[in-house]
Amino acid sequence: MHNMKRQVIPGLLFLNLLICPSRTLCTDVSVQEDSTPPTYVGWIEEIRGPAYVKPSVDGKVVLLDPVRDRFRGLKDGELVRCGPGGFLKLQVGDTTKNIKQSRDWFLIRLAPSAHPEILKAIKSYGRLGGRDRVVPSAILSPSPGSTARVDSLVFRWIPNASTGMVSLSLNDATGREIWRQDGVDGALGMLASPLARDALAKYRDTPGQLSLRIRNSALEETRVYFSLLSSRDEKTLDRELGMWKRKGETLLNHVGRASVLVRYGLYAEAASEYEKGLTLDSQSRDLRLATIQAESLAGNSVRVKELSRLP
Amino acid sequence: MKRSLGNKKKRKAARPTDVSSTVERPRNARATGTIILHIFWGLVVTFILLLTKEWLEVTPIGERLKSNTYDLLQERLSSAINNEDLPVVVVDISESDALKQKASDGGDAVTPREPLIKLITAIAKQKPRAIGVDVDFSPEQGRYLTRTDPEFFAACLRLRDVTNVPIFLGIFRSQTLPPDTWLGSRDYEPLAASIVVPNDFKKMAQWMQVYGDTPRKVPTLSAALADAFYKSDWQPPRLLRWVLVSTEEKKLAPRIKVAEFLIDYSPLDALDKETMRLKALVKQPEVASELREELTDKIVLIGGATLGKESDTFVAPNRSSPIPGVYVHACAAYTLIKGPLYEWKPTIRLTLDILLSAIVFGIVIAVTEYYRLRTDRIVATRRLGVAVALSIACVLVVVGVGLVPRTRIMWDDFLLVIVVVLVHPSVEDGAGKLWAWLRNGWRLAWRKLVFSDKKGNVK
């Protein structure tokens with residue numbers, strides 16, 4: 001769907017120029033004076049109420065048309081704003097931004113992102129040694145910023161009976177939807193989909209993050225970004241986990257497996273191993289601390305609070 | 001001394017076929033040939049033992065031994081620390097309600113900026129050497145975590161300019177991006193310092209360099225803080241400087257490089273005590289003036305330091321419990337200020353291993369040759385070898401462990417070296433006997449296998 005949008009947008013821009021020379025884009029100074037083709041960093045997904053765009057801080061303000069400017073391309077450095085009752089939904093890079101009524105102009109800027117090889121190197125070198133922000137996410141698996149294994153991926157979220165039916169979708173690094181399932185009961189809190197796994201299998205060795213989006217009937221969306229474990233890493237991981245399996249189902253086995261899983265970013269699985277260890281030794285303070293850490297990384301703030309309250 | 005002809009046959013019969021045996025050697029063995037043979041065998045055994053040591057080092061047993069040795073060395077460093085002279089303190093914000101992570105306008109739960117700037121301001125007024133905040137302030141996908149972040153960063157810059165106290169704010173997510181994105185703007189770049197902690201708990205990064213369109217080098221928090229402090233000018237003796245290394249650069253990937261140094265964890269207990277004394281400061285920053293003695297001329301690290309309240313915990317040598325990340329940064333800053341820890345360069349490490357083994361058989365050969373022309377008595381080479389090995393082992397223990405606070409050399413495989421030195425005489429002896437058997441004994445063994453004891457008729 002988004003791929004189509006990417007193809008349609010330049011077409012729409014050209015069409016706009018032909019039909020109505022006085023339209024928004026003709027007032028875009030950079031298009032008229034600059035002979036090099038503009039670089040779009042995103043587009044407008046939705047416009048409600050009065051919304052404005054200007055090409056630069058001192059540029060001319062233009063009112064956006066909810067119909068004709070839908071899927072309008074956004075350039076780096078442009079500014080947008082919403083008037084009273086206005087709403088804009090923008091897609092910039094792989095980020096969705098909702099702009100509501102405000103006096104301030106929102107600057108369109110494509111956030112730089114690190115090369116995947118550099119990110120991987122940092123991840124295997126070390127980790128954050130300080131306080132991080134807590135991303136409130138109703139999605140537990142895959143947790144934000146984690147790594148997931150294709151073959152065993154189960155989608156988990158905080159179940160909520162009042163949510164009603166939800167739809168789940170997976171998008172690749174460019175925002176293109178690669179899988180969707182509608183009509184899932186939000187109260188279930190989990191979904192294991194072979195079709196989703198099949199869709200993800202093609203991206204196993206592709207760099208870049210994917211996103212899982214859960215949208216409820218009120219069109220409220222929760223989204224997490226995650227990576228997939230590559231085939232090569234999966235083999236290495238299985239080998240390392242296999243060494244711990246040989247030792248039997250002991251506390252050491254669970255802790256060993258958990259530490260390996262944390263290293264690979266499989267936080268939910270690591271938390272599960274630590275929890276199994278806790279059932280064998282609930283008095284161990286160090287084990288409890290490790291479990292808190294893993295559950296925190298897995299985004300399970302409810303369980304983190306429970307464990308933190310224990311004496 | 002004249003040798004009698006009558007003993008010639010005895011000497012011939014007793015000509016040694018092994019080179020390091022405890023049996024008697026004839027006095028008139030060809031001197032040069034014997035020495036060369038001894039040296040050859042000594043080197044062969046040294047080579048075999050060193051290969052075994054290299055293999056052992058990568059096994060779980062060897063790694064465990066090195067880890068325990070490292071703990072022992074850290075323990076020695078801790079015993080020599082002067083608690084009164086601590087240049088670093090940690091201010092713990094874990095138990096402060098005001099500084100607990102709360103939902104922000106950006107959606108994420110972050111450490112509130114307003115009480116944080118109040119705390120930093122109160123501390124800065126007491127003239128510390130520098131202040132570091134162990135929190136990740138990196139923008140997320142180009143957007144500030146809270147709308148007030150630019151104000152907060154600007155306030156830190158103003159405070160720095162007014163009080164002349166350097167202030168550093170932690171980054172992690174944005175550390176590999178261009179400098180103008182570390183804290184969202186080039187203006188705030190001087191505040192940024194990486195709070196990465198390597199998986200190898202013995203080391204800390206001093207800086208990280210990413211190559212690309214805009215090559216950038218980001219300092220770590222401990223290095224940035226230590227730079228603001230007058231550092232010790234302690235250095236190892238001139239003779240040793242060319243064989244030791246304190247900072248090592250390595251490539252993490254083709255486009256990213258780090259410089260690492262060993263962390264001295266000896267001040268951990270002292271840091272913990274000081275953190276307890278500063279608890280009141282977090283709840284009431286106004287009491288900072290009463291804690292002037294604890295803050296003035298010190299490096300002050302602000303972060304979550306209560307185990308169980310923070311999710312960033314790390315293993316430290318000689319500790320039964322993990323420690324929060326802020327203490328790792330504090331110990332790293334302490335190390336850079338007080339004096340770095342050293343390691344032998346890899347080639348020097350190997351040379352030492354060979355040299356120590358060579359000393360064992362070298363002394364045995366020298367003593368044997370010295371007495372060969374002076375007396376009829378036979379040198380007990382094996383006993384002598386064991387005695388020399390034990391002496392070297394004692395010296396290694398004294399140098400490797402006892403003098404660590406002075407030398408600051410972290411020689412974590414010296415126990416394995418001691419094992420190599422101690423077994424050298426026995427292995428050399430065994431190798432000699434094996435060689436003797438291979439040369440002559442196999443014929444006997446073959447005959448015994450092939451022929452029966454009965455004698456047959458010759459036709």
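This is a short tour of two chains, A and B, in a predicted model.

**Start with the whole of chain A.** Colour by secondary structure and you'll find 9 helices and 17 strands. Of the 311 residues in chain A, 46% are buried. If you build a contact map and keep pairs with a separation of 6 or more, residues 24 or more positions apart account for 58% of the contacts in chain A.

**Now the whole of chain B.** Here the tally is 15 helices and 16 strands. Buried residues make up 50% of its 459 residues. Take the contacts in chain B between residues at least 6 apart in sequence, and 75% of them join residues at least 24 apart.

**Select 285-297 and 301-309 in chain A.** These are helices α8 and α9, and they pack at an angle of about 160 degrees, with axes 8 Å apart. An angle over 145 degrees counts as roughly antiparallel, so that's the label for α8(A) and α9(A). The crossing of this pair is left-handed. To see who makes the contact, show side chains for A:Arg288, A:Thr291, A:Ile292, A:Glu295 and A:Ser296 on α8(A), then A:Arg303, A:Val304, A:Leu307 and A:Ser308 on α9(A). Sorted by class, the residues of this contact come out as 3 nonpolar, 3 polar and 3 charged.

**Hop over to chain B and select 113-124 and 149-163.** You're looking at α4 and α5 of chain B, packed at an angle of about 5 degrees with their axes 11 Å apart. Angles under 35 degrees count as roughly parallel, and therefore α4(B) and α5(B) are roughly parallel to each other. On the α4(B) side the contact is made by B:Arg113, B:Leu116, B:Ile117, B:Ile120, B:Thr121 and B:Ala124. Facing them from α5(B) are B:Asp149, B:Phe152, B:Ala155, B:Cys156, B:Leu159 and B:Thr163. The class count for this contact is 8 nonpolar, 2 polar and 2 charged residues.

**Stay there and pick out B:Asp149.** This residue sits in helix α5 of chain B. Is B:Asp149 buried or exposed? Its relative accessible area is 0%, so B:Asp149 is buried. Draw a distance to B:Arg113 and you'll pick up a polar contact of 2.6 Å between the two side chains. Leaving aside residues up to four places away in sequence, B:Asp149 touches B:Arg113 and B:Tyr144.

**Step back along the chain to B:Thr146.** You'll find B:Thr146 in the loop between β4 (130-133) and α5 of chain B. With a relative accessibility of 5%, B:Thr146 counts as buried, because the cut-off is under 20%. For a sense of scale, put a C-alpha to C-alpha distance on B:Thr146 and B:Val386: they are 70 Å apart in space and 240 residues apart in sequence.

**Last stop: B:Thr275.** Select 268-277 in chain B to bring up helix α8, which holds B:Thr275. B:Thr275 is another buried residue, at 3% relative accessible area. Which residues does B:Thr275 touch, not counting residues up to four places away in sequence? Show B:Val90, B:Asp92 and B:Tyr327, and you have them. To finish, run a C-alpha distance from B:Thr275 to B:Glu294: it should read 9.9 Å, for a pair that is 19 residues apart along the chain.

How values were computed
Residues numbered from 1 in each chain as written. Chains lettered and ligands numbered in written order. Predicted model: local features only at pLDDT ≥ 70, side-chain atom pairs only at ≥ 80, totals over all residues. Heavy atoms only, no water. Axes fitted to C-alpha atoms, helices over the stretch in contact; angles between N-to-C directions. Helix = DSSP H or I, 4+ residues; strand = E, 2+ residues; numbered from the N terminus. Parallel < 35°, antiparallel > 145°, perpendicular 65-115°, else oblique. Contact = heavy atoms within 4.5 Å. Nonpolar A, V, L, I, M, F, W, Y, C, P; charged D, E, K, R; others polar. Buried < 20%, exposed > 50% of the residue type's maximum accessible area, 1.4 Å probe, protein only. Left-handed = near helix turned anticlockwise from the far one by under 90°. Polar contact = N/O pair within 3.5 Å; in protein donor to acceptor, adjacent residues only side chain to side chain.
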